[in-house]
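Please look over the chain shown below before reading on. The report that accompanies it is written for a reader who wants to check each statement against the coordinates.

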Amino acid sequence: MAQAVVLSDTDSTEDLEEGQASLSDMAVSLEKDSTSDVISLGSVEEITSPNRDHIVHEVIKNQRSIEEICICCGSFKVHTQHPLFHGGICSLCTENFLETFFLYDDDGLQSYCTICCSGKILLMCDEPTCNRGYCFKCLDVLVSPGTAEKVKAMNTWLCFMCLPLSSHGLLQKKQRWRTKLKCFYDQESENHFKIYRPVPAWDRKPISILSLFDNITPEMKSIGFLDSSLGNGRLKYLHDVTNILRMNVKEWGPFDFIFGSTPPVGNSYDHPPAWYFYQYYQILQYGKPLENSERPFFWMFVDNLVLTEEDRDTASRFFKTEAVTVHREHGETIQNAVIIWSNIPSVKSKYSLSDLNVDLHLLAKNIIRKRILSQQPATLVKKFFLPLKEYFKCFS
């Protein structure tokens, strides 16, 4: 990971001018490259596979609009427009973007490049409220050659989403990109929940959480949503909800996130397993905003392998979404697995899910038989809380 530089407006302008000059030089060098397998004179339509190295040539020399090129891979088969930056995006990259944009690593930083949603090594923004990263390829192709190494050598660096200037080489940030990102998901995502418009850092408020049957205070504190200071996020934990009424939830709220779970497998519990789901669902109806509300509101229910298959099918009907499975293993031993229903964007990503082809009922029995200490559900799903940073204030 690179450290970064807070660029002043003057520095940013100078870098931009250097980038534009480099683009012309790069286009000329591409045209002179006789060792390339690609015909570099005229259009590069004859490229047999997408190649971003020729984006500059097409835009600068052939005067092709960048909206006609996928800025993620270089393909000319544009499906729609990139939601964050000016430029096209092909169907394959659209699917990849939808699957990965809201994924975060355990360190709380974005897992994939903000532009192409790929990249193995990312240069991370040093703005405290920003968690975004950019791959070397995107910086060198879309900004100017050598940009990645320059950024890597900096002490601090503000990324293209944070800098006031919107244009850096061919990379031009869209105005109102948060609204465009929501529209992108609404229009292109068939298997995802609708997303809420991300909230600018300066408008984010502390989160208000209702946690049922499992206290997720440690997880939310470690991420930075809760702080010991008054007013810095709040969490209300309820273990017994038997006599909770709608008026109680309204009085305690409004809540931004309602979490609930069954007890961990192997532990004793006071009620039949399905009771925890039904009670959670009822309180969720009490606490969620009206259907047409644009206020960001999230929910998650976790089954720690105690519901029956019939109960899980019922839960999916009630929540109007299919459950996903996540597991944790140590060596060849599966320590625990959980079943999740949620409207948090990252939960539905195929990159987050477990490739777990086992009988969950037998797995639960095996965990109990081997006396494996089953972790609390929140420990396994903590990473799915991280996208909430796009909507609520963090304190660390």
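The text below goes from the whole chain to selected helices, and then to the charged side chains.

The model is a predicted one. Its secondary structure consists of twelve helices and twelve strands, and 53% of the 396 residues of the chain count as buried. Among contacts with a separation of 6 or more, 64% are made by residues 24 or more positions apart. The accessible surface of the chain is about 19,300 Å², and carbon and sulfur atoms account for 49% of this area.

Helix 3, which covers residues 91-100, is largely enclosed by the rest of the structure, because seven of its ten residues are buried. These are Cys93, Thr94, Asn96, Phe97, Leu98, Glu99 and Thr100, and the buried residues of helix 3 pack against strand 1 (78-81), strand 2 (88-90) and helix 6 (177-188).

Helix 10 spans residues 309-319 and includes Glu309, which is exposed at a relative accessible area of 62%. On the surface, Glu309 joins Glu310, Asp313 and Glu322 in a patch of negative charge. By contrast, Asp311, Arg312, Thr314, Ala315, Ser316 and Phe319 are buried in helix 10, and just after the helix Lys320 adopts a positive phi of about 60 degrees.

Side chains of opposite charge can pair when their charged atoms come close. In this model the count comes to seven salt bridges, including the three pairs in the table.

| Salt bridge | N to O distance |
|---|---|
| Lys137 and Asp53 | 2.6 Å |
| Asp256 and Arg295 | 3.2 Å |
| Asp303 and Arg312 | 2.9 Å |

The salt bridge between Lys137 and Asp53 links distant parts of the chain, with Lys137 in helix 4 (residues 136-143) and Asp53 in the loop between helix 1 (9-32) and helix 2 (55-61), 84 residues apart. Lys137 counts as partly exposed at 37% relative accessibility, and Asp53 is likewise partly exposed, with a relative accessible area of 27%.

The salt bridge between Asp256 and Arg295 also connects distant parts of the chain, 39 residues apart, since Asp256 lies in the loop between helix 8 (246-252) and strand 9 (257-261), and Arg295 in the loop between helix 9 (273-287) and strand 10 (298-303). Here Asp256 counts as buried at 12% relative accessibility, whereas Arg295 is partly exposed at 28%.

In the pair formed by Asp303 and Arg312, both residues are buried. Elsewhere, Glu58, Arg64 and Glu68 are joined into one network by salt bridges that share partners.

Technical notes. Residues are numbered from 1 along each chain as its sequence is written. This is a predicted model: local features need pLDDT of at least 70, side-chain atom pairs count only at pLDDT 80 or more; totals for chains, interfaces and linings use all residues. Side-chain values use heavy atoms; hydrogens and water are left out. Patches are made of residues with over 30% relative accessible area and no salt bridge: like charges are joined within 9 Å, nonpolar side chains (Val, Leu, Ile, Met, Phe, Trp, Tyr) within 5 Å. Accessible areas come from the Shrake-Rupley method with a 1.4 Å probe; for residues, only the protein chains shown count as cover. A salt bridge is a side-chain nitrogen of Lys or Arg within 4 Å of a carboxyl oxygen of Asp or Glu. Lys and Arg count as positive and Asp and Glu as negative; His and the chain ends are not counted. The place of a charge is taken as NZ of Lys, CZ of Arg, CG of Asp or CD of Glu. Helices (H or I, at least four residues) and strands (E, at least two) are DSSP runs, numbered from the N terminus. Buried means under 20% relative accessible area, exposed over 50%, partly exposed in between (1.4 Å probe, protein chains only). Contact means heavy atoms within 4.5 Å.
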